[in-house]
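Here's an informal walk through one protein chain, written for someone who likes the cut-offs spelled out. Have the model open while you read.

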Amino acid sequence: MTVSGIQIDSLEPVSSTSERLIRGLSFYVIPLFLILLTLWALFFLPNRYPAPSGQVLSFHALASTQSEPDAALIERLTASPAQRQLQVDKPHWLLLALGEQQTPPDQVLYFPAAHFNTLHCLQADTEHPLTVRDHSLSTQALRSPIQGYTLEPGNASAIVCRIDPAGSSQLHIERWAADDIKHSSIRYTRGVGLLEGGLLTIALFMLILAATNREWTYLLLAVWLIGNLRLGSMAMGWDMQWLGHTLPAEIMPVLRRLTIACYFVLSYSLFTLLLRSSIHSRLQQRWLHSVGLLSLTLLPASLLAPAALFQPLMWFSAIYALCCAGWVLLSILLQARSRVMLWQLVLLSMALCVLISAIFLAAFGRSSFVENFNGVITLLLSNLLVALAVGERLRDERSEALRARNELMAHYILTPIGMFTLNEAGVFIRMNPVLATALGVDFDPAGPTIHWTDFFPEQNWQTVAQNTLAGNDINIERSDTHLGQYQFTLRAAIVNQQIEGSLQDITARAETLRKLRLMADNDPVTNVLNQRGIEKALNQAMSRSAQDKPCLLAYLDLNHIKYVNGTFGHSSGDALLLKVCEQLEAVLQAGEKVGRIGSDEFVIIFEDCEPEQARALANEVIDTLNKSPLLAGNRSFNLRSTMGLVEVAPNMSPQDAISAASRAAREARRQHQSMVVYDQGSNALQEHAEELRLFEQLEGGSSRGLYLEMQPIVSLRRPIDSLNFEVLLRVRDSSGQLIPTGRIISAAEESGTITIIDKWVFAATLEWMSKHEKQLARTQLVNINLSGVSLNDDKFIQWFFDILARYEHLARKLCVEITEGVALDDLEHTRHFMRRLQQTGVRIALDDFGAGYTSFSYLRELPADAIKIDGALICDMLNKETNVAIVRTIVELARNLGMISIAEWVEDVPTLLALQEIGVDYVQGFIISAACTPADLLNATAITDLVKDEPARQFLLESQQKHLPTI
């Protein structure tokens, strides 16, 4: 017969008739035959091991510790009520009146007691001892694990027995036929052997699974099965043996308690382990945690607590644990949504059934039904539990393996990364479609051989695998004459002498990274180096210059870019910048690097270039930019650019070199030159180094090198009545030499250190005035300069008003000088500051007034208290009639606006007379006094004490007399 169309899941299909026939027999016919044979044997064939039962006899019992019977004892026993079952936990005497129930010779009396220490029986009338056989220890033919005692009463009409129980035990007496005892012993021995051998075999199988799979759940399950075996043997009365060996009777009470406690711990661990992913309720977790605490309490109690205390604790723990486990199982069962979860719940429910059965056996003793049923049920449940657990585990593993294989295949085919397998010879065994497309091949495993080296360079695959394991990618390149250069990221692992790897095309990413690096180091408008790129390039050049390769740095300052941006828009400004870069590239050699460091500042690095050659190239750059107009778009622009050129010293930092070149460019603009050069070791570079040292010192909190001087300011009306002055900053270098203040102020404004200097000047001045307030009683006006950088620094402004609040009593003597150009930069901001300052009592003077172009039109917008006329108009005023007219106009304007006028740079007495005639209120200059020390000012009683020029002193005295009030 041919069975066609057989399809067995997970087996490969077969085509031959013989193979299909063998599979049909193996999977259908033979299993069905075994099932039918089993059912026929169970229901229709005689039982080879029948389950006989004995006749239960009645007896009299009396609790007594008496060792031998006497007439009184017999009389009391006879008077006690007859009963068929008795719970005993201490020594008792029993009277069994056979009478008409006299036992035939072929029958015996059976005491099915599992935990009796001794049983001693006598004939009641003759006190002749009867032979009692202990079937748990006997070596006779009736040896079997039925755990009881038998005796042959012979012709005795009454029997007296003394029993000594090992613990609380159920006692009853049965009359059995001798042959039935033998058959029962054989049946019992067979059941115990099946139960012990079966569970130990399954436990061993679980241990093997645990060792091979390194799965702790299998180990726990194996130990729990052994716990089931010991608990069942204790309940069935044959726990005094283990693996065919008899355990000492004296340790049995403690061993039984320890068995129960250990089984409790194992059951809790197994229960929580299997259901850990299904228990989400905090209440359920707290309940199970309390069961775990009970198990930890029960374990030491089994060893230390007496039996009277341990037994109620055990019953409470068992009942509480069963209730908690049942409630949790029921809750999960109601919420279960998967077949796997339902199987787990069924398995745990079976485990609970075994536990409940054992507890009832230990609690209520053994009936014939329980004794025969429990061995079979325990065996079936345990085997079913393990079989289902392992089967479910294998099914899950097979499903997981199938799912993993499908995912791997899908990943291999659909992943956007090229996947491949190479053999030891470097031949492609497999490659996914992505890699085949990237390599431009039509891959066929059975087709022509394709080698790795056909596309890529040879690799050390051990090194590649180690780098992959460490998380380090290896980048490789492939050159294609038609398609160009490609870059790939290579990862690989060596598996079974084969190379499993991946290739990811990173050509686009590499190009993007290259562009990002270019953007990080280059200016987006001109594509030359930016600040970061300049510093990197300069670092590299300076490291080479330390090897005796000269390096020079040029700082190019364009003067019209801001004007172009404001007038014609940023597009025109950007076009002009691009044109400048084109001109620079046309003049410079290939080795020079150009960078844009500000809106209209450029840096040129002359690397490995002699100073004379660099100077010649720099001059050519300046001539190209300044002599001919630059055409940008539809417009042409004339630039007037300046340049600072510095020979970079090996000990310079990139920032110091750029700062020095910037200083040289500023100096060139001040001197109206096209270029200023700082040679290595020049005084200018040393001065710049001193400036940097000073600024670092100031930023570090030290004001060493700074000090103040005062230059008197004289009233032309009543000069003797007041002693006014302007506070001037002075700076000394590390050698004690005086540094020009203007140069320090300019450099400090460039570096942003000016706010620190302004803070020191104001704080030192106010502290000195407060300390010498009595000696300065005649001082009405103290002028202090405020830089534009500080004026626009909100943090400085807040500090400034805070310190004014501390010296509020000195505020009315202060006059803050603000440069006219700074005041007009942000008119609204300056106006707000001036009004806030005037509210404190401080007066405000517009410094260098007349040097700007829009002073008169904006003067009415600024609430100043004084105008300080620019010294350039005063010093040669008498030589130019226009200057006199301008000064006269400024003074009249100030008077009309309610302001006072102050003229500086007054150098001679005729100028003093002219200014007095014009109506100037105050004058300041060398004709009155140069700047003096604070001590000199304090020692002067009047302004005349500080005037060195005698005609000037006479002029002041006459002015005082002229303006005295007439009496």
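Buried means under 20% relative accessible area, exposed means over 50%, and partly exposed covers what falls in between, with a 1.4 Å probe and protein chains only. Keep in mind that this is a predicted model, where local features need pLDDT of at least 70 and side-chain atom pairs count only at pLDDT 80 or more, while totals for chains, interfaces and linings use all residues. Residues are numbered from 1 along each chain as its sequence is written, and side-chain values use heavy atoms, with hydrogens and water left out.

## The whole chain

The chain has 967 residues, and 45% of them count as buried. Its secondary structure comes to 30 helices and 34 strands, taken as DSSP runs numbered from the N terminus (helices are H or I with at least four residues, strands are E with at least two). For contacts, the cut-off is heavy atoms within 4.5 Å. Among those between residues at least 6 apart in sequence, 67% join residues at least 24 apart. The exposed surface of the chain is about 50600 Å², with carbon and sulfur atoms supplying 56% of it; accessible areas come from the Shrake-Rupley method with a 1.4 Å probe, and for residues only the protein chains shown count as cover.

## Cysteines

A disulfide here is a pair of cysteine sulfur atoms within 2.5 Å, and by that rule the count is one. Which cysteines form it? The pair is Cys121 and Cys161, with sulfur atoms 2.1 Å apart. The link is right-handed, with 110° about the S-S bond. Cys121 sits in strand β6 (residues 116-123) and Cys161 in strand β9 (residues 158-165), so the bond ties together parts that are 40 residues apart in sequence. Both Cys121 and Cys161 are buried.

Other cysteines stay unpaired. Cys323 is in no disulfide, and the nearest cysteine sulfur, that of Cys324, is 6.9 Å away. Cys323 counts as partly exposed because its relative accessibility is 48%. For Cys609, the closest cysteine sulfur is in Cys551 at 9.4 Å, which is too far for a bond. Cys609 is buried, with a relative accessible area of 2%.

## Helix α24 and the cores

Helix α24 (residues 827-839) has 13 residues, and at 1.5 Å a residue it should span 18 Å; its end C-alpha atoms are 18 Å apart, so the two agree. (The expected span is 1.5 Å times one less than the number of residues.) Which of its residues are buried? They are Leu827, Thr830, Arg831, Phe833, Met834 and Leu837. These cover an arc of only 165° around the axis, which puts them on the same side of α24; the arc is that of the directions from the helix axis to the C-beta atoms. On the other side of α24, Glu828, His832 and Gln839 are exposed. After the helix comes Gly841, with a positive phi near 105°.

A nonpolar core is a set of buried Ala, Val, Leu, Ile, Met, Phe, Trp, Tyr and Cys residues joined through side-chain atoms within 4.5 Å. The largest one has 82 residues, of which Phe833, Leu837, Val887, Leu915 and Val923 touch the most other members. Helix α20 (residues 754-771) gives the largest share of this core, seven residues. Leaving aside neighbours within four places in sequence, Phe833 is in contact with Leu786, Leu791, Ile797, Phe800, Phe801 and Ile818. A second, separate core of 32 residues includes Leu588, Cys609, Leu617 and Leu625.

## Some individual residues

Most residues other than glycine have a negative phi. Asp848 goes the other way, with a positive phi of about 55°, and so does Trp905, near 65°.

Here is where some single residues sit, and how accessible they are.

| Residue | Place | Relative accessible area |
|---|---|---|
| Asp848 | strand β31 (residues 843-849) | 25%, partly exposed |
| Trp905 | loop between β33 (900-903) and α28 (909-918) | 46%, partly exposed |
| Gly871 | helix α26 (residues 871-874) | 0%, buried |
| Thr944 | loop between α29 (934-939) and α30 (950-962) | 13%, buried |

Not counting residues up to four places away in sequence, Gly871 is in contact with Glu904 and Trp905. Gly871 and Ala903 are 32 residues apart in sequence, yet 7.0 Å apart in space, C-alpha to C-alpha. With the same neighbours left out, Thr944 touches Ile720, Arg953 and Leu957.

Notes
Expected span 1.5 Å × (residues − 1).
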